[in-house]
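Me: I would like to learn how to read a metal site and salt bridges in a model. Please take me through them one feature at a time.
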Amino acid sequence: MEPQGERQTEPGPTPEAVDAYLADTLVGEDQALREGKRAAAAAGLPAIEVSPGQGKLLMMLARLAGARRILEIGTLGGYSTTWLAQALPPDGELVTCEFEPRHARVARANLDAAGVGGLVTIRPGAALETLARLRAEGAAPFDLAFIDADKENSANYVSAALELVRPGGLIVLDNVVRRGTVLRPGDPDTVEGRDVNGTRAALELLGSDPRVDATAVQTTGAKGWDGFALAVVRG
Ligand code: SAH
Ligand code: DHB
Ligand code: MG
């Protein structure tokens, strides 16, 4: 019999370790992005931004979409915003909606420090109101929308995005799996339950609305078990 506990081997691979390897090997997160996360943490913002690999995926999708105008719902410290803005041409624009003034201030400083501040308009306040205002203003169509705010309102954000994104454009919805909690309706008396119900309503809308083709990809790694929904507005 093998003596137990003598050969202390390295821990086996984990999704987190693989994510770190892939990020180191492929992603090339730059100094400004890293510094922005440090500044956000120092200001007490929660570390719930997308992972480096996910941020780069957003940038690549925006490039594939030929994006000149990007809409983001949920800025936090501007991490995903910075990745997305890097896909824009010099005359492009990214409009990002943020409810918390403190988050918006941290994001503004981070975006300026990253050299993309001139491309980004932060719209303060509740995103539902901002989206209604954008429609009323007759804002030019967006090529891509990234929805990543209060999940309770996700279906309302998808509805608005369907009006604001051009045919052929892309809608990306974050956090659609949340460790599998999406599988069952949530308790409407809790925030978590309402979040799940908002995500489920958003997915049901994307799955049934004739204006889009939609799918979702589950993810694992630095941000745990989660996923993105992706929808292309039909031409
Ligand atoms: N997209 C960011 C993370 C966003 S976290 C990244 O990956 O880097 C979600 C953000 O949505 C938080 O900053 C939160 O303050 C904001 N938020 C929550 N409810 C909102 C609302 N009703 N309107 C606008 N922003 C909201
Ligand atoms: C969390 C992650 C997110 O991407 C988000 O938008 C909100 C919350 C989280 O890990 O709690
Ligand atoms: Mg998110």
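Me: How are the donor residues of the magnesium ion (ligand 3) spaced in sequence?

Reply: Donors are N, O and S atoms within 2.8 Å of the metal (3.2 Å for Na, K and Ca), and sites may look incomplete because water is not among the atoms. Here the spacing of the donor residues is D-x25-D-N. D148 lies in the loop between β4 (142-147) and α7 (154-164), and N175 in the loop between β5 (165-173) and α8 (191-208), so this pair ties together parts 27 residues apart in sequence. Helices (H or I, at least four residues) and strands (E, at least two) are DSSP runs, numbered from the N terminus. This is a predicted model, in which local features need pLDDT of at least 70 and side-chain atom pairs count only at pLDDT 80 or more, while totals for chains, interfaces and linings use all residues. Residues are numbered from 1 along each chain as its sequence is written, chains are lettered from A and ligands numbered from 1 in the order in which they are written, and side-chain values use heavy atoms, leaving out hydrogens and water.

Me: Which atoms are the protein donors of the magnesium ion (ligand 3)?

Reply: They are OD of D148, OD of D174 and OD1 of N175, at 2.0 to 2.2 Å from the ion.

Me: Is D148 buried or exposed?

Reply: Buried means under 20% relative accessible area, exposed over 50%, and partly exposed in between (1.4 Å probe, protein chains only). D148 is buried, at 16%, and N175 is buried, at 14%.

Me: How many salt bridges does a search of the whole structure find?

Reply: A salt bridge is a side-chain nitrogen of Lys or Arg within 4 Å of a carboxyl oxygen of Asp or Glu. The search finds 17. One of them joins E49 and K223, with 3.9 Å from N to O. That pair links distant parts of the chain, 174 residues apart: E49 is in the loop between α2 (31-42) and α3 (52-64), K223 in the loop between β6 (212-219) and β7 (226-233). E49 is buried at 17%, whereas K223 is partly exposed at 27%.

Me: Which residue forms a salt bridge with E152?

Reply: R194 does, with the closest N and O atoms 3.4 Å apart. E152 sits in the loop between β4 and α7 and R194 in helix α8, 42 residues apart.

Me: Which residues are linked with E163 in a network of salt bridges?

Reply: R135, D209 and R211 are linked with E163 in that network. The side chains of E163 and R211 meet at 3.1 Å, N to O. E163 lies in helix α7 and R211 in the loop between α8 and β6, so the pair ties together parts 48 residues apart in sequence.
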